[in-house]
Amino acid sequence: MYLQANSGTNFETLESALIGAVLDSSKIYKIKNDDIKKVLSIKTPQREMAYDWIKVFMPNATLQHVLILYEISVSADNRKFDGAYFTPDKIVDAIVDLTVDHRIGSICDPACGSGAFLVGSLKKLLQNKAGTIQEILSRYIWGIDINRQNVEHSKRILSLFSILEGVDEKYFNIGIFQGNSLDFSWEQTSRKKADFDFIVGNPPYVRGKHLTSNLKAQIKSWS
């Protein structure tokens, strides 16, 4: 709504203002994390206007608002051909609870979108006392998405969650990669193989008529 009404403001500017408002709401004013610092480095009149608007209409901005911003930034073509759809946080938490329960193990979302299920998984593993945030991110949280922007957003949302939980690092080791899960080679990553304990997520919903011949072939040959 804000971007439509303010054509001089781009997505990056609104993202910067919203993340700044979320951090300010938690009284966090100094950041170590390079990725979040880069987002906050935008200093323009448009950014200040967006920030002021957020403080009036969203005085208690939260991580969920950032997730929603990332989800609605997905283009119509991406929704049509990649099957990207938003999952409400209550459904995310319910699916993660049912899947993981009180256990500890590696969790992968093979079509992670903007990272909602990975945030839910991180929260669950923290509740299950799987380790520190840094340990859980580097050992247990894994994801793939076909869209490079989604990969960036997923890493950013996990970093922001960590900061809001009181853990701020210059760099978080997060295993999220760009690729197609139907033919992704885990051997090229630090994971080495796809032997996950849990799979969570909202799989892509693509109408049959929008499936390319190459994608159909990948689905048929997937083992």
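Once the residues within four places in sequence are set aside, L23 is in contact with I28, I31, I36, L40, L160, I163 and L164. The model in which these contacts appear is a predicted one, and L23 offers a useful way into its interior. Together with I19 and L158, L23 is among the residues that touch the most other members of the largest nonpolar core, which holds 52 residues. In soluble globular proteins, nonpolar side chains tend to be buried together.

Which helices each supply at least two residues of this core? They are α2, α3 (34-40), α4 (45-57), α5, α7 (89-100), α8 (116-127), α9 (133-139) and α10 (148-164). Of the elements that build this core, α2 gives the most, with eight residues. Apart from the largest core lies another one, made of six residues, including W142, I144, F184 and W186.

From the cores we can turn to the aromatic rings, where eight aromatic pairs are counted in the model. In one of them, F11 and Y70 are arranged in a tilted manner, with 6.3 Å from centre to centre and 45° between the planes. Because F11 lies in helix α2 (residues 11-25) and Y70 in helix α5 (residues 63-72), this pair ties together parts that are 59 residues apart in sequence. Are these two rings buried or exposed? F11 has a relative accessibility of 14% and therefore counts as buried, since the limit for that word is under 20%, and Y70, at 0%, counts as buried as well.

A second pair is formed by W186 and F196, which meet edge-to-face, with 5.0 Å from centre to centre and 70° between the planes. Both W186 and F196 lie in the loop between β3 (175-178) and β4 (198-199), so this pair ties together parts that are 10 residues apart in sequence. W186 counts as buried at 6% relative accessibility, and F196 counts as buried at 18%. W186 and F196 also belong to one aromatic cluster, whose other members are W142, F177 and F184.

A single residue can show what a buried position looks like from the inside. S121 is found in helix α8, where its relative accessible area of 0% makes it buried. Leaving out residues up to four places away in sequence, S121 touches V96, I107, I141 and V200. G166, by contrast, is exposed, with a relative accessible area of 65%, and this residue is found in the loop between α10 and β3. Measuring from C-alpha to C-alpha, G166 and T99 are 27 Å apart in space, while 67 residues separate them in sequence.

The last stop is a space that the protein leaves open. Rolling a probe the size of a water molecule over the atoms shows where empty space is left. The second largest pocket contains about 480 Å³ of space, and of the 21 residues that line it, D35, K38, V39, E152 and R156 lie nearest its centre. Helices α2, α3 and α10 each supply at least two residues of this lining, and the largest share, seven residues, comes from α10. What kinds of residue make up the lining of the second largest pocket? They divide into six nonpolar, five polar and 10 charged residues.

Note on methods. Residues are numbered from 1 along each chain as its sequence is written. This is a predicted model: local features need pLDDT of at least 70, side-chain atom pairs count only at pLDDT 80 or more; totals for chains, interfaces and linings use all residues. Side-chain values use heavy atoms; hydrogens and water are left out. Rings of Phe, Tyr and Trp (its six-membered ring) pair if their centres lie within 6.5 Å; planes under 30 degrees apart count as stacked, over 60 as edge-to-face and the rest as tilted. Helices (H or I, at least four residues) and strands (E, at least two) are DSSP runs, numbered from the N terminus. Buried means under 20% relative accessible area, exposed over 50%, partly exposed in between (1.4 Å probe, protein chains only). A nonpolar core is a set of buried Ala, Val, Leu, Ile, Met, Phe, Trp, Tyr and Cys residues joined through side-chain atoms within 4.5 Å. Contact means heavy atoms within 4.5 Å. On a 1 Å grid over the protein atoms alone, a cavity is a set of points where a 1.4 Å probe fits but cannot get out, and a pocket is an open set with protein on both sides within 12 Å along at least five of seven lines; lining residues have an atom within 4 Å of a point. Grid points are joined across faces, edges and corners, and a volume is the space filled by probe spheres set on the points. Ala, Val, Leu, Ile, Met, Phe, Trp, Tyr, Cys and Pro count as nonpolar, Asp, Glu, Lys and Arg as charged, and the others, Gly among them, as polar.
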